[in-house]
Amino acid sequence: VTHSIPACIGSMTINSKQLDNESPVSIFAVNKCYVTVQDGTFFDGSGFAALVREGYKVRSDVNITLEFRTTAVHGVLLGVSSAKVDAIGLEIVNGKVLFHVNNGAGRITATYEPRGTSSLCDGKWHKLQANKSKHRISLIIDGNLVQTDNPYIQSTSADTNNPIYVGGYPVDVKQNCLMSKSSFRGCLRNLMLTKGQQAELFDFRRAFDLRGVFPHSCPGAEH
């Protein structure tokens, strides 16, 4: 067995002596246990998940869907960026959701801002869909559509061959379509990227780098 157990362990004794869980000598990728849990992946606000080590090609079309819940008003959701300018990015900034795309000619952004007293940072689940179709981009949050004009209509392809960073990214990695450096704190589930008829549902347990991310459960309430 080469992976850790996705479970809670408590009240462990060795030779009748109870181990002290509160002050371990060292600790790695161990979270709290929770009284109630929900399906999804918990991001503790300190790190990120890195997917597709060999590189993800955004190119002309991609449709991203996910569900998130958070109480933080800032946080990176997802980024794929080349070393040049071509990139896509999804983030929460001041309680708004921003979808950025740069096909090489310049960045364009679709922004969703909640109306009235409603908030996306209320700790409840929200559905997000971000679509790039050549030079057109749109963002749908909880069924509400936002589209934006693109003056660079001749530029249609985001030429990336880079990992997908979710919930944040390493300090030494460039992200051309993200403004926020804040790691996401909250829960994500059902991350899917679709190109044409090919849909890929991402399992965070298969990430090649996980920091501050716990893929098996989201806390309903901390214990």
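The exercises below work through salt bridges, a pocket, a surface patch and two distances in one predicted model.

The model is predicted, with local features needing pLDDT of at least 70 and side-chain atom pairs counting only at pLDDT 80 or more, while totals for chains, interfaces and linings use all residues. Residues are numbered from 1 along each chain as its sequence is written, and side-chain values use heavy atoms, with hydrogens and water left out.

**Exercise 1.** State how many salt bridges the structure holds, and work out which parts the pair Arg 189 and Glu 67 ties together.

Solution. Begin with the criterion, which asks for a side-chain nitrogen of Lys or Arg within 4 Å of a carboxyl oxygen of Asp or Glu. The structure holds four salt bridges. In one of them the side chains of Arg 189 and Glu 67 meet at 3.1 Å, N to O. Arg 189 belongs to strand β14 (residues 185-195) and Glu 67 to strand β5 (residues 61-69), so the pair ties together parts that are 122 residues apart in sequence; strands here are DSSP runs of E with at least two residues, helices are runs of H or I with at least four, and both are numbered from the N terminus. For burial, the classes are buried (under 20% relative accessible area), exposed (over 50%) and partly exposed (in between), with a 1.4 Å probe and protein chains only. Arg 189 is partly exposed at 24%, whereas Glu 67 counts as buried at 11%.

**Exercise 2.** Describe the salt bridges of Glu 113 with Lys 96 and of Asp 203 with Arg 205.

Solution. Take Glu 113 and Lys 96, whose side chains meet at 3.9 Å, N to O. Glu 113 sits in the loop between β9 (107-112) and β10 (126-133) and Lys 96 in strand β8 (residues 96-102), so this pair links parts that are 17 residues apart in sequence. Lys 96 is partly exposed, at 28% relative accessible area. Turn then to Asp 203 and Arg 205, which meet at 3.1 Å, N to O; Asp 203 is partly exposed at 26%, and Arg 205 is exposed at 53%.

**Exercise 3.** Characterise the second largest pocket by its volume and its lining.

Solution. A pocket is an open set of points on a 1 Å grid over the protein atoms alone, where a 1.4 Å probe fits, with protein on both sides within 12 Å along at least five of seven lines, and lining residues have an atom within 4 Å of a point. The volume, the space filled by probe spheres set on the points, is about 260 Å³. The lining has 14 residues, of which Gly 40, Thr 41, Asn 190, Asp 203 and Pro 215 lie nearest the centre. Strand β14 gives the most to this lining, with four residues. Sorted by class, the lining holds six nonpolar, four polar and four charged residues.

**Exercise 4.** Place Leu 19, Lys 32 and Phe 204 in the structure.

Solution. Leu 19 lies in the loop between β2 (17-18) and β3 (34-38), and is partly exposed at 37%. Together with Ile 5, Ile 9, Met 12 and Ile 14, Leu 19 forms a nonpolar surface patch of about 470 Å² accessible area. Lys 32 also lies in the loop between β2 and β3, and its C-alpha is 33 Å from that of Tyr 112. Phe 204, in the loop between β15 (198-201) and β16 (209-214), is buried at 4%. From Phe 204 to Arg 189 the C-alpha distance is 9.3 Å, with their positions 15 residues apart in sequence numbering.

Technical notes
Patches are made of residues with over 30% relative accessible area and no salt bridge: like charges are joined within 9 Å, nonpolar side chains (Val, Leu, Ile, Met, Phe, Trp, Tyr) within 5 Å. Accessible areas come from the Shrake-Rupley method with a 1.4 Å probe; for residues, only the protein chains shown count as cover. Ala, Val, Leu, Ile, Met, Phe, Trp, Tyr, Cys and Pro count as nonpolar, Asp, Glu, Lys and Arg as charged, and the others, Gly among them, as polar.
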